[in-house]
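Work through the following exercises with the sequence and the structure side by side. Try each task before you read its solution.

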Amino acid sequence: MFNTITQSIHTSLAALLANKGRSFLTMLGIVIGVGAVIVIMAVGAGAQSLILAQVKSLGTNIIGVMPGGSAEEEGPPVSMMGISITTLTYDDAMALKEKKNVPNLIDVVAYTKGVGTVSWGAHSYDTNLSGCSVGFTTVEDGELDQGRFFTKEEERNLSRVIVLGFTVYNELFGESEAIGQRVKIKKHTFSVIGVMKERGTVAFQDYDDQVFIPIMTMQKLIAGVNHLGLIRAKVDHEDNINQVLMDVKLTLRERHDIIDSSGKNDDFTVRSGAQALDMITTVTNALKYFLAAMAALSLLVGGIGIMNIMLVAVTERTREIGLRKALGARTANIMNQFLLESVAVTLLGGIIGIIGGGIISFLIAAGAKFMGYDWAFILSIQSILLAVGVSSIVGIIFGLYPARKASKLEPVEALRYE
Amino acid sequence: MLINIKDLKKQFENEKLVTKVLHGLSFVINEGEFVAIMGPSGSGKSTLMHIMGLLDRASEGKYEFADRDVTTMSDNELADLRNSKIGFVFQSFNLLARTTVLDNVKLPLTYAKDKKNIDDRARRVLEDVGLGHRLDYFTNQISGGEKQRVAIARALVNNPSIIFADEPTGNLDSKSGIQIMEILQKLNEVGNTIILVTHEIYTAEHAKRVINVRDGLIVEDRPVKNRRLAHDGDLLK
């Protein structure tokens, strides 16, 4: 038995080596297919790890309240579709901050955001305008490089004070002293009271490329609105997140006169960091597997190429098949020989594809790291097994028909074949 | 009796027509015989050889090979029988390209049940046909006469009961042809049964018995008087 197998393998490899050029071209389809699967899986996993790390860096004990309900429990709130919804107000945020409503919240920050140009003398810079409440420093762990953050009073009495993100400070002032200077946004003059510490991008938000203005000032003077874009709040302990989510919902329903407790009529959406993480994982996974499936399609094409070339090989070697049968090869011997040949081609192609795909993924990861992204090189054993498995299956499936055709040849017909 | 054929008929059919090739042949071949099946092309001699060599099946009639009825055997049973009892030598050699002489001769043994000492057995028969010095040559590196000797070695390697040689000298120059006939005669002298298929009376007269086939019928079945003996050195010890 073992002897037969080694003999078949030997015969198959000899046949492949006899036609090196053709074997290689046949293999190429599989190499590209498997390589593509490997690269997509690895890059997908790397990108996913980057995204998840970004989201995690927010802290998992943060919850967010967005205006507008969501169609289903885990779906995105409608406000994410670019529709402006005005149901959340500053007073809502303040109500959540009260211990009697939501006991487990440490602090709350309300946001109304926009974009605008900040200018100082001849210098001007387009940046993100972040109208926020004083809770910002607590909830978002914002630290100051120079000066101070605004106070509760400044928040309430429409003070025209501004805290600069590090990038904005650099762009406008360079090395000069900024505290006490006056900058302009839309003809309104603000005095600079602080500069935030350099922080980088967290959860896709460049904290350095924005300015912070008291929320009321932002609403009344710049945006001309009364509603909030977002409320974020910090929970005292991760174990209490579910309790907080419930308390927040109850408080807001009461304030918005929503009687239905099923959540269907909610005009707001509450999400925890963990939920967001789950959602992002689901989305990125779906994307990753979709792309891998697309790449796997090329394996199918490669498989058809193999079937084609094996059919040519069977025709070409009809006399050889006839001879082998005359010398005593059984149907199964011939079948195994051709099946092994196609499996050997795909498996070898698969291995080359894995190595090639692995190298490309590694280079991509190295490039991303070089460019400063927290990108992990992830070559999972699953994707390797998937690639090897799929390529062997492709070899078997697409080799089966030609192999069967070969094994069914009548010896005398085959010997007579010219 | 090694071969017992009675009223054997063969016809080929396709959608359009039926071609009758053999019209009822009967004969017996015993162990140790050297029979030439002779006839012009189209006479049915090759079809007869294919059926006798278990490469094809009769349409009608009785065929017992080594006292076994082969007409009802499965394809795989026939393959096993060919592997263990029959050796073939073809006009066009039918050697595997890009394969060494030794590996070509080993080929039948790779399908045999007994796979012991394959290498030694193949070497020994190659030495017997005078090709001990060509073991590692590829089949495109040797002459036509040597190729046919490789084919004979391949036919001998499984110790067959019978060797079928289908126009074995057809593609060879006369000197190589004589060498091949000499080997076949020597093999017959040491007890091998040999069936030689040819269209030349000259070649046929190297055998001991001639069966003359014409238009699918046996027109003559006679012993050879004045048998030709091929002498060319001492190739087979």
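**Exercise 1: two crossing helices in chain B**

The crossing of α3(B) and α4(B) is right-handed, a term used when the near helix is turned clockwise from the far one by less than a right angle, with anticlockwise giving a left-handed crossing. The model is a predicted one, in which local features need pLDDT of at least 70 and side-chain atom pairs count only at pLDDT 80 or more, while totals for chains, interfaces and linings use all residues. Residues are numbered from 1 along each chain as its sequence is written, and chains are lettered from A and ligands numbered from 1 in the order in which they are written.

Task: find at what angle the axes of α3(B) and α4(B) cross, and how the residues of their contact divide by class.

Solution. Begin by locating helix α3 at residues 101-110 and helix α4 at residues 118-128 of chain B; helices (H or I, at least four residues) and strands (E, at least two) are DSSP runs, numbered from the N terminus. Their axes come within 9 Å and cross at roughly 115°, where axes are lines fitted to C-alpha atoms, for helices over the stretch in contact, and angles run from 0 to 180 degrees between N-to-C directions. Next, list the residues in contact, that is, with C-beta atoms, placed from the backbone, within 7 Å: α3(B) brings Val101(B), Leu102(B), Val105(B), Lys106(B) and Leu109(B), and among those from α4(B) are Ile118(B), Ala122(B) and Val125(B). Finally, sort them by class, which gives eight nonpolar, no polar and three charged residues; Ala, Val, Leu, Ile, Met, Phe, Trp, Tyr, Cys and Pro count as nonpolar, Asp, Glu, Lys and Arg as charged, and the others, Gly among them, as polar.

**Exercise 2: a long-helix check in chain A**

Task: compare the expected span of helix α11 of chain A with the distance between its end C-alpha atoms.

Solution. Count the residues of α11(A), which are 40, at positions 331-370. The expected span is 1.5 Å times one less than the number of residues, so the helix should span 58 Å, and its end C-alpha atoms are indeed 58 Å apart, which agrees. Then look just after α11(A), where Gly372(A) takes a positive phi of about 95°.

**Exercise 3: two residues of chain B**

Task: decide whether Asp166(B) and Ile51(B) are buried or exposed, and find what they touch.

Solution. Start with Asp166(B), which is found in strand β7, residues 162-166 of chain B. Asp166(B) has 22 other C-beta atoms within 10 Å and is therefore buried, since a residue is buried at 20 or more such atoms within 10 Å of its own C-beta atom, exposed at 12 or fewer, and partly exposed in between, with C-beta atoms placed from the backbone. Leaving aside neighbours within four places in sequence, its contacts include Ser46(B), Val89(B) and Val197(B).

Now turn to Ile51(B), which lies in helix α1, residues 45-52 of chain B. Ile51(B) counts as buried because it has 25 C-beta neighbours inside 10 Å. Beyond four places in sequence, Ile51(B) touches residues including Leu8(B), Lys10(B) and Tyr63(B), and the C-alpha atoms of Ile51(B) and Lys10(B), 41 residues apart along the chain, are separated by 9.0 Å.

**Exercise 4: a sheet in chain B**

Task: say which strands stand at the edges of the sheet β2-β1-β4-β5 of chain B, and why one side of each is left without a neighbour.

Solution. Four strands form this open sheet, in the order β2-β1-β4-β5, with antiparallel pairing; strands pair if DSSP finds at least two bridges between them. The edge strands are β2 (18-29) and β5 (68-69) of chain B, each with a single partner strand, so one side of each has no neighbour in the sheet. For β5(B), the pairing with β4(B), residues 60-65, is antiparallel over two bridges, and Glu64(B) stands opposite Asp69(B).

**Exercise 5: a covered strand in chain A**

Task: find which residues cover the two sides of β5(A), and which strands are joined to β5(A).

Solution. Take the sides in turn: Val161(A) and Val163(A) lie on one, Ile162(A) and Leu164(A) on the other, and all are buried. Four bridges join β5(A) to β7(A) in the parallel sense, with Val161(A) opposite Ser191(A). Two bridges join β5(A) to β10(A), which run antiparallel, and there the bridge partner of Val163(A) is Phe212(A).
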